[in-house]
Number of protein chains: 2
Amino acid sequence: MSSKRGPQATRRGRPRQADVARAAGVSQTTVSLVLGGNKQGIVIQEATRERVLEAARTLGYVPDPAARSLATARNSLLGVFSFTATFPTDARHSYHPLLAGVEQEAAAQGYDLVLFTGSSAHGPAATTPEQLDRVRLADGCLFLGRHIPARELRRLVQDGYPAVHVGRRDELEGLAWVGADYVSASADVVRRLADAGHRRVVLVREDDDAPASDDRERGFRLGLERAGLPAGPEAVFRTADPAAELTAERVRAWRADGATAFVAEETDTGGAWRALLDAVAAAGLAAPRDLSLALLGEPPADLVGGPVPTGFDVPRTELGATAVRLLVSVMAGEPLAEEPRGGEPERGEPGGGGRQPGPLVACAFRAGATAGPPPPPPPGTA
Amino acid sequence: MSSKRGPQATRRGRPRQADVARAAGVSQTTVSLVLGGNKQGIVIQEATRERVLEAARTLGYVPDPAARSLATARNSLLGVFSFTATFPTDARHSYHPLLAGVEQEAAAQGYDLVLFTGSSAHGPAATTPEQLDRVRLADGCLFLGRHIPARELRRLVQDGYPAVHVGRRDELEGLAWVGADYVSASADVVRRLADAGHRRVVLVREDDDAPASDDRERGFRLGLERAGLPAGPEAVFRTADPAAELTAERVRAWRADGATAFVAEETDTGGAWRALLDAVAAAGLAAPRDLSLALLGEPPADLVGGPVPTGFDVPRTELGATAVRLLVSVMAGEPLAEEPRGGEPERGEPGGGGRQPGPLVACAFRAGATAGPPPPPPPGTA
DNA sequence: CACCGGAACTAATGCGTATTAGTAGCAGTG
DNA sequence: CACTGCTACTAATACGCATTAGTTCCGGTG
């Protein structure tokens, strides 16, 4: 039966170009030329071409992606490496919208996605160099997460490996990134509060030095300054444990002090916002009647049912798509070039407006239902 | 500086075994032996081994999956192929937990994930053979989706490619699958209703022939039979448009007829359950006071805020993990063997109990708050 | 009519790894 | 001391495809 099968029983029955060639009475090269792109523009007679196509169809030939990628030195794979699990089980925060954008754009550009699961295996914060290196399997890779293993990542980048971080990341020289424009969006929220008549606004943030948090505070302060509102240190309440330290008394004290609007940053857990809501409720107050509340981002999943917080939406899907586009361009251009980086970090002078069209994606204001004009001064106040 | 770089500028900086070999002063073969499995049991001196490992670490070597796959036909990648988009934004609540399970288990087994989208650039429902064939890049693949391109998938399976479908899928001979045990879970819900005293139970289902729907009805009927309750055709209300056809009158008629408990199947939209709730409310009735309601699955996302429906939870996360385990075992065993299939489809004789431990994952009963004992017969009844 | 040039292919080679045949080097045998 | 049997490696090759050098076969030139 199987007379001249290869030396091994490796042949699963999947035909290869050599088989097609034999059937069509041509060489393997010709088959490759006909079935492959033939970008070299080599001329093939129509009759021969037909014979090859016919043979391929008959045998059910399908190219081996591994062999193809070996030969072309690219495999049409984009990596996604998350420093936490990509699909967190608690679903508190989710990369889902982001991935939707990544996936869509990747597909549009002709890439498939590889999810590197290394970080989810041994719990968080256990990214070994080996795991990160596995990433090189893909033509390029996206990185996600609040905190990154800078040392390992640096090597990758220095080797010229195309990497793009999702979220601002200036500390790593040479790493390209895309980010949401939290600065402008936060400043915008403050502006609207000021426009509504609020004269004193307080920001509640967690004690975490993630760039995303810092950007929000910067935008917050920027908004205050622009509106001519007090932006001293007391304008920001920073605490490691909002649930415990953000009490009803605290809220009352702020109000007595003239504050009528409160802003919380968004974090993985939504802790600041949650604590703010609780404290306000505990103080027997309600928004937007007695005071205004705003959230610099989106509420955690479990609070979605409640009233829509005033604040802004993070365009996660668009962010994902943008990240892919940047990555693709990094892969195309000189990976080590200095130009196509993350763009100017807009340090000292944020400029708020549409200064840098580059990797900063705008966040849309969300009117919501927790903010309005400040209440008339309570009776007991001067 | 870069003196003896390869003949081409192809070398992007990704080191290969030859580079490691040079650095360690050994042959490429030795590197392969040390870094690869070395299943041949060839002896390598500890010192040499160390040198190779050290060199590999220093250079940041990582095996090329394409080359490896070409040489061995495996590369530690598991595919996940969705016949819709891999990350449908709206279906997020059903896919996310599943993917979480897949990710976790894949990581535990040492596999990374490749996400393949069937619908990519060419619009939905356009799964071309080429797209499906790309899957061969991974060692094995999980398939998701209500409807599958049977013809293309069959070829893959017949070629001996390790594939596992998530969700029951008997129609494709030879295709392994894992599914939730809707039959047992549904029967269990009915049993509990019967135990609570209900003598007449009605199932509301949509007009869709998905296996998941059929299984629920089978379980429902099985539960009725076991409890000795009437299981005639009138026990099931099947309609293409529950919202329109499931009216308050209908509910009243059923009650007048002695029915005290109503069960709805879970679907993508939750249409049946929603319609049931609406009709009951429109009839001026309330559960569990006037009647009992149960949902064979989980409520749609927008109803999560309301009262918890009595019913069962689909262990999606576990389902994902189980699917991965099955896939890994399929990959390990003879892919063409007849044994490690999806297990007996438990056709004709469902057996409800713990008959087949194989690929059927149990659903946990959820007490909820919409069911209880039947009310005392209303005054106007005989 | 020796030679050029283009058309239409084919032979040969490389991609990076795994694996299968070796092959030096050396301690023991008989 | 020629030979066996290890040990510890290395050379060579296969995998399936893309690509780069040919090669063959003409129909024209000068």
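**Figure 1. Pairing of Gly79(B) and Cys141(B) in chain B of the predicted model**. Cys141(B), a residue of β3(B), is the bridge partner of Gly79(B). Strand β1 (residues 77–82) of chain B and β3(B) run parallel and are joined by 5 bridges. Strands here are DSSP runs of E with at least two residues, helices are runs of H or I with at least four residues, and both are numbered from the N terminus. Two strands are taken to pair if DSSP finds at least two bridges between them. In general, the strands of a sheet pair through backbone hydrogen bonds, in either a parallel or an antiparallel manner. The model is predicted: local features need pLDDT of at least 70 and side-chain atom pairs count only at pLDDT 80 or more, whereas totals for chains, interfaces and linings use all residues. Residues are numbered from 1 along each chain as its sequence is written, chains are lettered from A and ligands numbered from 1 in the order in which they are written, and side-chain values use heavy atoms, with hydrogens and water left out.

**Figure 2. Enclosure of strand β3 of chain B**. Strand β3 (residues 140–144) of chain B is largely enclosed by the rest of the structure, because 5 of its 5 residues are buried. Buried denotes under 20% relative accessible area, exposed over 50% and partly exposed in between (1.4 Å probe, protein chains only). Gly140(B), Leu142(B) and Leu144(B) are buried on one side of β3(B), and Cys141(B) and Phe143(B) are buried on the other. Strand β4 (residues 163–166) of chain B runs parallel to β3(B), to which 3 bridges join it. Within this pairing, Leu142(B) stands opposite Val164(B) of β4(B).

**Figure 3. The six-stranded open sheet of chain A**. The strand order is β7-β6-β8-β9-β10-β12, with mixed pairing. Strands β7 (236–239) and β12 (364–366) of chain A form the edges, each pairing on one side only. From one strand to the next, the twist averages 20 degrees. Strand β6 (residues 201–206) and strand β8 (residues 261–265) of chain A run parallel and share 4 bridges, and Leu203(A) has Val263(A) of β8(A) as its bridge partner. Helix α13 (residues 271–282) of chain A lies across β6, β8 and β9 (292–296) of chain A, at about 150 degrees to β8(A). Contact means heavy atoms within 4.5 Å; axes are lines fitted to C-alpha atoms, for helices over the stretch in contact, and angles run from 0 to 180 degrees between N-to-C directions.

**Figure 4. Protein surface near DNA strand D**. Among the 26 residues around DNA strand D, Arg16(A), Tyr61(A), Thr30(B), Gln45(B) and Thr48(B) come nearest; a residue is near a strand if one of its heavy atoms lies within 4 Å of it. Of the atoms of DNA strand D within 4 Å of the protein, 65% belong to sugar and phosphate. Backbone N or O atoms of Gln17(A) and of Gln45(B) each lie 2.7 Å from a phosphate oxygen of DNA strand D. A side-chain N or O atom of Gln40(A) is 3.2 Å from a phosphate oxygen of DNA strand D.

**Figure 5. Protein surface near DNA strand C**. Thr30(A), Gln45(A), Thr48(A), Arg16(B) and Tyr61(B) come nearest among the 26 residues around DNA strand C. A backbone N or O atom of Gln45(A) lies 2.6 Å from a phosphate oxygen of DNA strand C, and one of Gln17(B) lies 2.8 Å from a phosphate oxygen of this strand. A side-chain N or O atom of Thr29(B) is 3.4 Å from a base oxygen of DNA strand C.

Notes
Polar contact = N/O pair within 3.5 Å; in protein donor to acceptor, adjacent residues only side chain to side chain.
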